[in-house]
Every structure is written in C-alpha cells, then in structure tokens.
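Me: Please take a close look at the aromatic part of this structure. Then go on to how the neighbouring topics, helix packing and strand pairing, are built.

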Amino acid sequence: MGMSYMILAGAIMLASWLVSSRLKSKFEHYSKLHLQNGMSGAEIAEKMLADNGIRDVRVISTPGRLTDHYNPADKTVNLSEAVYNQRNAAAAAVAAHEVGHAVQHAQAYSWLTMRSKLVPVVQVASSFVQWILLAGILLINTFPQLLLVGIVIFAATTLFSVITLPVEYDASNRALAWLENKRMLTQQEHDGAKDALKWAARTYVVAALGSIGTLLYYVMIYMNRR
C-alpha cells in the first residue's frame, strides 16, 4: 500500500504541476493581448457588477499573483494587482470570473451556498486531519476506529473540492456570457479569455480528482486492515 500511495501522490503532483504550469503560460500569453476597449480589470469588474444590479460589492486590489477571489463575508471582489490595473484579455477574464461569484452570491446560487456552509468545517478539519489519518494507520490493528474518524473528516474536504467544480465552472460561464452579450471584447480577446478560464478551471478538476483518489486510498487501507 505504501508503494501504491507513492504512485498516487506522484501522479497527482505531476498533473497539478503540468496544469499549473500551463495556466501560468496561458495567462502570460493573454496578458500581452491588450483590450481594444482600453478597460482595466477593475473597470471590467465594476461594470459587470453594475450591469447585474449589484451595488453592495466593492472591487479592491490584493497583493500577489493569481490571488484573485471573491469574499462573500465582506462582499469584496479581490483582484491581484496585475489584474486590477492591467488592460488585457487575461485581466478581463479573471475580473469577470470573480464577479461571476458575486452574482452567484446575490442570486443565492445553490452550489455556492453549499460550499460556503462547508468552509468552517474544512478550515478546522484541514489543520489536523492528516495527523489523525497518520495515527489511524499506525494504530490500524489496535484502534481502527481512529482511521475511520480520519476518513470521515477527510471526506468532508473531498466533498468541498467536488462542490467547488460546479461553482467555478458556473462563474466562468457567467463571465464569458456577460463579456459576449455586452460585446466587451473582440472575438480574439474573447477566445483568449475563454482559453485562460478553461485552464484555470482544470486546476480545480485536478485538485478534486486528487482528493477523491487519496480518500479511496485510505478507505482501502481501512477495509483491508485485517
């Protein structure tokens, strides 16, 4: 089982690295595709919020790269410095995507609501679940129930990863639909934005598959404990 886990972990790490590298290269490429409308990521985000009748969400700049996110707690669209200020297809894609989450929140999108409810559980579970699983494996012959507890907790984090998929894909679909309907981008710019968001979504797919594979690995250990 140890060798099986090493193979699984290696495959997950390789897939994650490949997708992440491809995502970075895509964003670098489309960051050079400047928008003909001359709008920055922040301006794109503010217009999409206004067009959706959302007046209580702020667009702010946050440090770092690819740190963009929507915070439902304080209703802020957080754009990385590059996305906030730059005027290219990559910035437009990211800005519109994050506003897509704000629109989901405003419309009480069911998958986002479910994910939000799991956030506190996942935050607590992620801090100690690996220790419980490790202890459960070490004590598998004398106290197998401990591993079962770890599996149940890890299953919650896996569920979070799976629920994240429709949330992210829906946000991208909302973003692309708005960009197209409002004719914010040229065809070339829109194709670039679509491609960038496609690779961003694949990072979540890899994370979900990795979490499912790891969960099944621990389940197999528990079922074969005797």
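Reply: A residue counts as buried when its relative accessible area is under 20%. The model is predicted. Phenylalanine 154 has a relative accessibility of 8%, so this residue is buried. Tyrosine 218, at 6%, therefore counts as buried, and tyrosine 217, at 10%, is buried for the same reason.

These residues matter here for their rings. A pair of aromatic rings is described by how far apart the centres are and by the angle of the planes. There are 2 aromatic pairs in the structure. In the pair of phenylalanine 154 and tyrosine 218, the ring centres are 6.2 Å apart and the planes stand at 70 degrees, so the pair is edge-to-face. This pair links distant parts of the chain, with the two positions 64 residues apart in numbering: phenylalanine 154 belongs to helix α6 (residues 144-181) and tyrosine 218 to helix α7 (residues 187-223). For tyrosine 217 and tyrosine 218, the centres are 5.4 Å apart and the planes at 65 degrees, so that pair is edge-to-face as well. Through these ring pairs, Phe154, Tyr217 and Tyr218 are linked into a cluster.

Helix α6 also packs against helix α2 (residues 41-51), with an angle of about 90 degrees and the axes 11 Å apart. The two helices are therefore roughly perpendicular. On the α2 side the contact is made by Ile44, Lys47, Met48 and Asp51, and on the α6 side by Arg174, Ala175, Trp178 and Leu179. Of these contact residues, 5 are nonpolar, 3 are charged and none is polar.

The strands come next. Strand β3 (residues 76-80) is mostly covered, with 5 of its 5 residues buried. In a regular strand the side chains alternate between the two faces of the sheet. Both faces of β3 are covered: Thr76, Asn78 and Ser80 are buried on one side, and Val77 and Leu79 are buried on the other.

Strand β1 (residues 58-62) runs parallel to β3, and 5 bridges join them; valine 59 stands opposite valine 77 of β3. Strand β2 (residues 69-71) runs antiparallel to β3, with 3 bridges joining the two, and histidine 69 is placed opposite asparagine 78. β2 and β3 form a hairpin with 4 residues between them, and in this turn lysine 75 has a positive phi of about 55 degrees.

Definitions and conventions
Residues numbered from 1 in each chain as written. Predicted model: local features only at pLDDT ≥ 70, side-chain atom pairs only at ≥ 80, totals over all residues. Heavy atoms only, no water. Buried < 20%, exposed > 50% of the residue type's maximum accessible area, 1.4 Å probe, protein only. Pairing = 2+ DSSP bridges. Axes fitted to C-alpha atoms, helices over the stretch in contact; angles between N-to-C directions. Parallel < 35°, antiparallel > 145°, perpendicular 65-115°, else oblique. Contact = heavy atoms within 4.5 Å. Nonpolar A, V, L, I, M, F, W, Y, C, P; charged D, E, K, R; others polar. Phe/Tyr/Trp six-rings, centres within 6.5 Å; stacked < 30°, edge-to-face > 60°.
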